[in-house]
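This report describes a protein assembly as seen in its computed coordinates. The account begins with annotated cysteine sites and then turns to whole chains and an interface.

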Amino acid sequence: MSADRPAGVGPVSGGQGGEQDRGNRRGGPGRGRGRRGGGRREQPVVPDANFVSYYGRPVVRASPWKADIPTYFFAGGLAAGSSLLAAGADLTGRPGLRRATRIAALGSVGVSLYTLVHDLGRPARALNMLRVIKPTSPMSMGTWSLTAFGPLAGVAAVAEVAPALERRLPPRLRWTARLLAVAARPSGLLAAAVAPMVGTYTGVLIADTATPAWHEGRRELPYVFAASAATAAAGLGMITAPVAEAGPARRMGMIGAAADLVAEYRMETSMGIVSQTLREGSAGRLMRASKVLTLGGALGVLVLGRRSRVAAIASGAALLAGSAGTKFGIFHAGQASALDPRYTVVPQRERMEGGGSTGPRRP
Amino acid sequence: MAAAAVIVDGTDRTRRRFVDGLRFGDGLRAMGLSKAFLGWPVVRQLTGNDPLGRGAAAESKRTRSWTARTETADAVVKSVCPYCAVGCGQNVYVKDGRVVQIEGDPDSPVSRGRLCPKGSASEQLVNAPNRIKHVLYRRPGGTDWERIEAEQALDMIADRVVESRPRWWQDTDEKGQPLRRTMGIAALGGATLDNEENYLIKKLFTALGAIQIENQARI
Amino acid sequence: MMKLPFDLPFAAGPEGPAADAGWQDAPDRKGFFTDTSICIGCKACEVACKEWNGVPQDGIYELLGSSYDNTGALGASTWRHVAFIEQRVPRSAPVDLGMPSFDRPGEKHDHQARDQETGDFRWLMSSDVCKHCTNAACLDVCPTGSLFRTEFGTVVVQDDICNGCGYCVPACPYGVIERRNGPEGTKNVGIAQKCTLCYDRLGAGKTPACAQACPTESIQFGDVVELRERAAQRIRKLHEQGVTDARLYGADPHDGVGGAGAFFLLLDEPEVYGLPPDPVVTTRDLPAMWKRAAIAAAGLAAVAVASFAGSRR
Amino acid sequence: MGASFGRGGATGFLQDLANSDCIVIQGSNMAECHPVGFQWVTEAKKHGAKVFHVDPRFTRTSALADAHVPIRAGSDIAFLGAVINYILSNEKYFVEYVLTYTNASHIIDDDFRDVDDLDGVFSGYDPETGTYDPDSWSYADLTEHAASGGPTSHADEEQNGQDQDGQDQGGEHPASASSRAAAHELGGHGAPMDSTGIRTDETLQDPHCVFQIMRRHFARYTPEMVQEVCGVSPEQLLEVCEAVTANSGRDRTTAWVYSVGWTHHTVGIQYIRSACIIQLLLGNIGRPGGGIMALRGHASIQGSTDIPTLFNLLPGYLPMPMAGQHHSLDAYVESIASPDQKGYWTNARTYIVNLLKAWWGDAATEENQYCFDYLPTLTGDHGTYATVMDMLDDKIDGYFLFGQNPAVGSAHGTMQRKALAKLKWLVVRDLNMIESATFWKDSPEIETGELKTTDIDTEVFFLPAAAHTEKSGSFTQTQRMLQWHHKAVEPPEDCSSDLDFTYKLGQKIRERLAGSTDDRDRPILDLTWDYPLEESGEVSADAVLREINGEFVSGDHQGETLGSYLQMADDGSTSGGCWIYTGVYADEVNQAARRKPGREQSWVAPEWGWAWPANRRILYNRASADPEGKPWSERKSYLTWDEDQQQWTGPDIPDFEPTKAPSYRPDEGATGPEALAGDDPFIMQADGKGWLYAPSGLLDGPLPSHYEPQESPVSNAFYRQQANPTREVFPRPDNLQAPSGDEPGAEVFPYVFTTYRLTEHHTAGGMSRFQPYLSELQPEFFCEVSPQLAAERGLEHLGWATIVSPRTAIEARVLVTERMVPLQVAGRTVHQVGLPYHWGQGSSALISGDAANDLFGVTLDPNVHIQESKVASCDIRPGRRPRGPALLDLVADYRQRAGISIDTGQLRRTPDDSANAGTRVDGRRPENREG
């Protein structure tokens, strides 16, 4: 674009219009420049390409989701990882870890379901999610998984209070508590069977969109989310379970953290220009913090985890926060990438240049 | 209602609907619960031709009975767009004494059923919620409107015409040539008036001797 | 993974999207061909659409400063959107080598130094609408079945079903569908909204409101197969007349969405109009994603096992 | 067009544009203002037609045209004159057509002097009154005839014409001529004239023949001049010239489309005349794909001139009687048409008698001249602007506004609103609460402190009107076609139609005057006012249309409707309210309600609605055949003479006697329709010919000549006369004008602004700013400026700008756009500012903004009293306008800097030393209004 072009005449090219002052449809020329801030630490991996847009307006639409949805991702992962830990603890005879993780699984799946429903435009219609089973919809598959997972995790968690419950119930209802106690293990194991799905489908959920930062990360996102689920659950387990029983949680935390960092690195280096969105703005801050926390948490575990309850809590909290940071960071990167037409147009142009147009082919 | 123009569209209103895989459950339909169950899209998905639940299986009962309101209108009245002078034909759909849809009349050789944004917005023109539907009066020096009866307003206006007309009456000019007119009453009409309206306005005011009768054609 | 019906797991088969969605003896697929070369930017389509569908007024009354476009983009309350592009093009249209260009045509010229010759300047107008993709991401990802494929091969939101999960919004490669915001009491607030291709009118054998209103037949409605032929003819004719910029967008059944039910004749690159140059239905990649998810899930399970394995308290 | 062809309506119909091989849209933004009509231009384009758009702005019409020719607003005659010059000097005219169907060969009085001889005025100009004596413009023999006592009227400066000429009808008020001219131009008829004994020169060589006069007149309209005056390059001009000439002739036709971009000028009528001349020279009138399409702006603007609510007209383009001149029915009739001339206007007596019979029924008899003296008479300009000034001078009590919003829609909004505040009572009938009804509480003058709500003593009645779906009636659209709209629903609550209101008001007034013995009340008491009512209690529109059509009052067919105006008699045995509409209720059928689908009839679609006259769709269609009655070409065949059946045949109703053979020649001394020869296609004209040169009927010249707009930053390049020397000026302290051209102070208002409509809105917004769906599409008032002007004045895209004229200052959001092109005119750059005029200041509409029309002053075209509201001078500066009294200070400061006095720009004849024009105050003010 020639520099002397008066502001606001015709469609603009260049990185304008990322700033959306009044929602997606507003913006454009004369409304302030976008986020091409100088002074960022990281320089773009891919140099700015000139591109054309319609008054700097987005091509794809950012999701209408707010904090509910990354919370839902985070809580879902936490629930999944916790129920896996719970099953292991159950099978390996770690009642403290079992109890903590079973309750964590229930609590976080509760948060997960709550945020999912809360985010709906029409929460009263939440049950419509169960009208159909759609393999083409990760949200549908996920909802069904949660629907299966939730009660199972619930039974397992409630069973932790079965003895106390039994004492309080009137005699004619005590059988329920006994039944609960009997059902606890199978429920917990079944929940753990569903859990890996619960922990990873959210990665598919956001990857299965036209949001550039999410779709471009589709190869790694399931891994990132699975790893993140593991670190979160491990972190919480370390916080809530007795140090003595928390060995598996520590191990899970370390493996998860390592996997998380590797997967994130791979993701960032495979996304082309869109990876900028993981480095800039609030997403960049979150991702950087998340890496530091995850790494720090893992190191904490490695060095101090087993020795000190305080250290365990600190490391666990770091892992937990790192996981949350990952989910929130990726979420924000996606939103930002949708608002800036560059991230939609440039990769598509490159694709067309590289391999011609896309036919209906397998990726 | 103008009888001449009312054309009620008698075409078949039933929409073509397609089998969605529910037939197998015919025998069970007697039971409400099973009906509800069989109506569950998941079941339709699993038993019909739409395993992925993206079409027939996902259709709701309300969608199935969704009908264009032009189909359920009581009458279709032939009209003409009131905006510009192209004179596009309009079909006005009426239901329960209310205009429910206005769209282009494909019969018109001038417009061939098409309308511009203004013509397309004419339903909003006639059904505007902010349209003033009552007679309002502002008295001299008044700071707000007052509501008065339509008949009262007409009487007041007639009184004022009858009063102002002689006050500004001119019988002849200074040379004694007949003028036979009043200069105290003027009118300005929009060009969305019907010919018949213009005719009566011109006729009445000319008979009253008022000559400053103008319209938008001059503007 | 579950057994999938086609080579392309979630893509429509050769019989078209309606048949794929369980409609037997479906009528011919319906769609729009929007010929922007004869669009006069009157916005009758926007108004006729809103009037018929009861779509509320969109946003606040404010000038956007984007030529004569004050509705900005397609959205929950704008189902037809007319784009206005003012541009200066080189005097003689360059031969289109089919090479993509990131530069806006003519930009390299210092237009202000050039004289103000007419003909160099042009004002493009284009009425955008939901593409009613053959493989529609919004529909695919909808968890409630609110978005469904009609017997006409179109993609429609069922207002009584949608719970406003918002998933369809980022899924759409064109940024068409949106969850409606607004004060309590706004019609269909909180749920996803977009063009229905006037599903109710189609059922009554009528033309969709926008196409019916369009003064210059820039918006043409009909059977997609026939519209594609018409579009191809129009392109040929325009190319003969020297309008080498003319191109079709969305008419190719082999593109990333399997061809659009509503396609366009454009006079410049798609992104000039705010359209993605090479849209792909995201669910094209979904089987691969599920595969990776399965591996990741297995990995997660393995991590869990490993965490316990060989450990003694 | 009346002066050129005989009738003022569009010559063809919209669908016929599809048959054009070339379409020039000038003075119209058709795609934006008539989008649905534009489909026929699109059709033509599909068939390969070339489309040009000549306009100051690059609009949505330009976007679809093959070429846009940017032109300085107000310079169209210079451009069109150059096209004429090209046609003449390159011999591109259609020889046979021109020779037979136009007055090219007619010899003009040798006293005629052209503008070039007299430095910008034609012969006969009186600088005192600013009017012409058109005697020297007439056909050679006629002048002698007139001198010997013929009926050709001429304007006189004083009212004493009666004595001066020794003829009863010889003198008339200056404005009376204009009221007739208005009749001609707004849709009426050719001027009266004796058509016997016109001298001609078929070789077109006589220096006094029309053809040679035109040649000389237009010789100065060169490409260089066009460049200088219009800012249009010679290449662009040539492109248009070549296209229109290449696409005219036997086998091809070109159409010209105009709208208010032409009429809203002080020389608006001459703009149209220029196009008429081109189309006559190229043989494009009366032929398919040809013609001049006048695009009217509103649903029934054609109808409201046909059946006029206009001060100077009666239904059917009959003039209102003038005091002194039309003292009797006979005198009235004679002034309309010479009894010796050709054509259908010789039946004027029939038309007026039928009107009087329709109005006064049995009271109208032969003995009392059919109540002719019940008609009030005129003494000057009583048009809307004159009326508003009368209001300001406390001369008017009451004002009715029927669906009109002058506070926003009329020029000089401040004057309009202040006038409303002077009324005793005001009746506003509208769908919405328009600004003209709420001026007393939220007008800009309240804000500036010029008006105070509690001091405004105007009683205001707001009566809600019925929408078009809530009443039956007919609109006459742009191609003279009446279409009936049927009532679909009852009007809600107090809403009522203007028809019903007028009827009931009439009843109430008659009740109050009943029993009066005062003569002045006879017209209202004798008025036929007994219409049948509908079931709803509303008056029957159908019955009113039937009265307009007319019926047999007595005789064998008593009570039956007339089938055609040819059935009308002048002896009181028939009646009819508007002769040109007679036939619309033929056979007791409302023909306007006919709706045979277009696809079920020929492309002309004669069975859809009803077009005046006599359902003819292309006027003067006799000219679609050659003099022998054969088609000019197969491709352009329309009406042809069928020798076997001895009649004209074709898809349309012949605009000609259907059985008059091409070879017919009238007897010596024949008059009226019989005097029309078989090759006289312009049957309303006094000589049956299309007028390249208008020997009478116009007040500002027989040929179009370029004048600058009332306010213009450049001097007239053609001669010293700056603006139309006959324009109607109003030197008043509240109507100040900017200096123009080289006058000192002109640089204070250096820019040209022009106003226009947008597709998304309707005129003053009464029917669009109240609807969300339209308001959101164009929500705010804006101005359009070029990037260069933005840079020059520091205007920012989407920022605010204040636009200042000598009347007021308004603010608008800025759109910087390359669609606005600075033009090189007279060696300098002229910037234009575009302002859509839909917004007004008020509190009732969904969107509001300053009104562009507030910037204009009032200066009128002399012929039709239409204001110049398409172009004027302004300044533009960044930022919002001052609030309150500071606004007045700003404007006062501008006036002072520009040295504006009450006489600035108000001298009709530009003085020799134009530098003094701004300050010259010498004796008599050029006031041209009486009373």
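Cys214(C) sits in the loop that runs between H6 and strand E8 (219-223) of chain C. The model is a predicted one, and in it Cys214(C) counts as buried, at 8% relative accessibility. Leaving aside residues up to four places away in sequence, Cys214(C) touches Arg114(B) and Ile219(C).

An unreviewed UniProt entry places the feature "binding site" at Cys39(C), Cys42(C), Cys45(C) and Cys214(C). These residues span 176 residues in sequence, yet no two of their C-alpha atoms are more than 10.7 Å apart, so they gather at one spot. Cys39(C) belongs to the loop between strand E1 (30-35) and helix H2 (44-53) of chain C. With a relative accessibility of 9%, Cys39(C) also counts as buried, since the cut-off for that class is under 20% relative accessible area. Beyond residues up to four places away in sequence, the contacts of Cys39(C) are Val82(C), Met125(C), Ser126(C), Ser127(C), Thr216(C), Ser218(C) and Leu64(D).

**A second annotated group**

The "binding site" annotation in UniProt (unreviewed entry) also covers Cys49(C), Cys195(C), Cys198(C) and Cys210(C). Their positions span 162 residues in sequence, but no two of their C-alpha atoms are more than 10.3 Å apart, so they gather at one spot.

Two members of this group can be located in detail. Cys198(C) is in the loop between strand E7 (192-193) and helix H5 (199-203) of chain C, and Cys198(C) is buried, with a relative accessible area of 6%. When residues up to four places away in sequence are not counted, Cys198(C) touches Trp52(C), Asn53(C), Pro208(C) and Ala209(C). Cys210(C), by contrast, is found in helix H6 (residues 209-213) of chain C. Cys210(C) is buried, with a relative accessible area of 5%. With residues up to four places away in sequence again excluded, Cys210(C) touches Phe32(C), Cys45(C), Arg80(C) and Ile219(C).

**A third annotated group**

UniProt (unreviewed entry) further lists Cys130(C), Cys133(C), Cys138(C) and Cys172(C) for "binding site". Although spread over 43 residues of sequence, these cysteines cluster in space, the largest C-alpha distance being 10.9 Å.

Cys130(C) occupies the loop between strand E3 (121-129) and helix H3 (137-141) of chain C. Cys130(C) is buried, with a relative accessible area of 7%. Apart from residues up to four places away in sequence, Cys130(C) touches Leu74(C), Trp79(C), Val176(C), Lys194(C), Cys195(C) and Ala262(C). One of these contacts, Cys195(C), is itself covered by the "binding site" annotation from the unreviewed UniProt entry.

Cys172(C) lies in the loop between helix H4 (168-171) and strand E6 (178-179) of chain C. Cys172(C) is buried, with a relative accessible area of 8%. Not counting residues up to four places away in sequence, Cys172(C) touches Val60(A), Ala210(A) and Ile177(C).

The accessibility of the cysteines described above is collected here.

| Residue | Relative accessible area | Class |
|---|---|---|
| Cys39(C) | 9% | buried |
| Cys130(C) | 7% | buried |
| Cys172(C) | 8% | buried |
| Cys198(C) | 6% | buried |
| Cys210(C) | 5% | buried |
| Cys214(C) | 8% | buried |

**Chain A**

Chain A contains 12 helices and zero strands. Of its 363 residues, 61% count as buried. Among contacts in chain A between residues at least 6 apart in sequence, 75% join residues at least 24 apart. Chain A exposes about 12,900 Å², with carbon and sulfur atoms supplying 65% of that area.

**Chain D and its contact with chain B**

Chain D is divided into domain 1 (313-376 + 527-592) and domain 2 (746-916). The centres of domain 1 of chain D and domain 2 of chain D, taken over C-alpha atoms, are separated by 45 Å.

Between them, chain B and chain D bury about 12,500 Å², 61% of it on carbon and sulfur atoms. On the chain B side, Tyr199(B), Arg218(B) and Ile219(B) lose the most area to chain D, together 7% of what that side buries. The contact takes 120 residues from chain B and 169 residues from chain D. The count of salt bridges between chain B and chain D is 12. In one salt bridge, the side chains of Arg165(B) and Asp521(D) meet at 2.6 Å, N to O.

Definitions and conventions:
Residues numbered from 1 in each chain as written. Chains lettered and ligands numbered in written order. Predicted model: local features only at pLDDT ≥ 70, side-chain atom pairs only at ≥ 80, totals over all residues. Heavy atoms only, no water. UniProt positions renumbered as here; feature names shortened; annotations may be inferred. Helix = DSSP H or I, 4+ residues; strand = E, 2+ residues; numbered from the N terminus. Buried < 20%, exposed > 50% of the residue type's maximum accessible area, 1.4 Å probe, protein only. Contact = heavy atoms within 4.5 Å. Areas by Shrake-Rupley, 256 points an atom, 1.4 Å probe, with all protein chains shown as cover. Domains from an automatic or database assignment. Buried area = accessible area lost by both parts, 1.4 Å probe. Salt bridge = Lys/Arg side-chain N within 4 Å of Asp/Glu carboxyl O.
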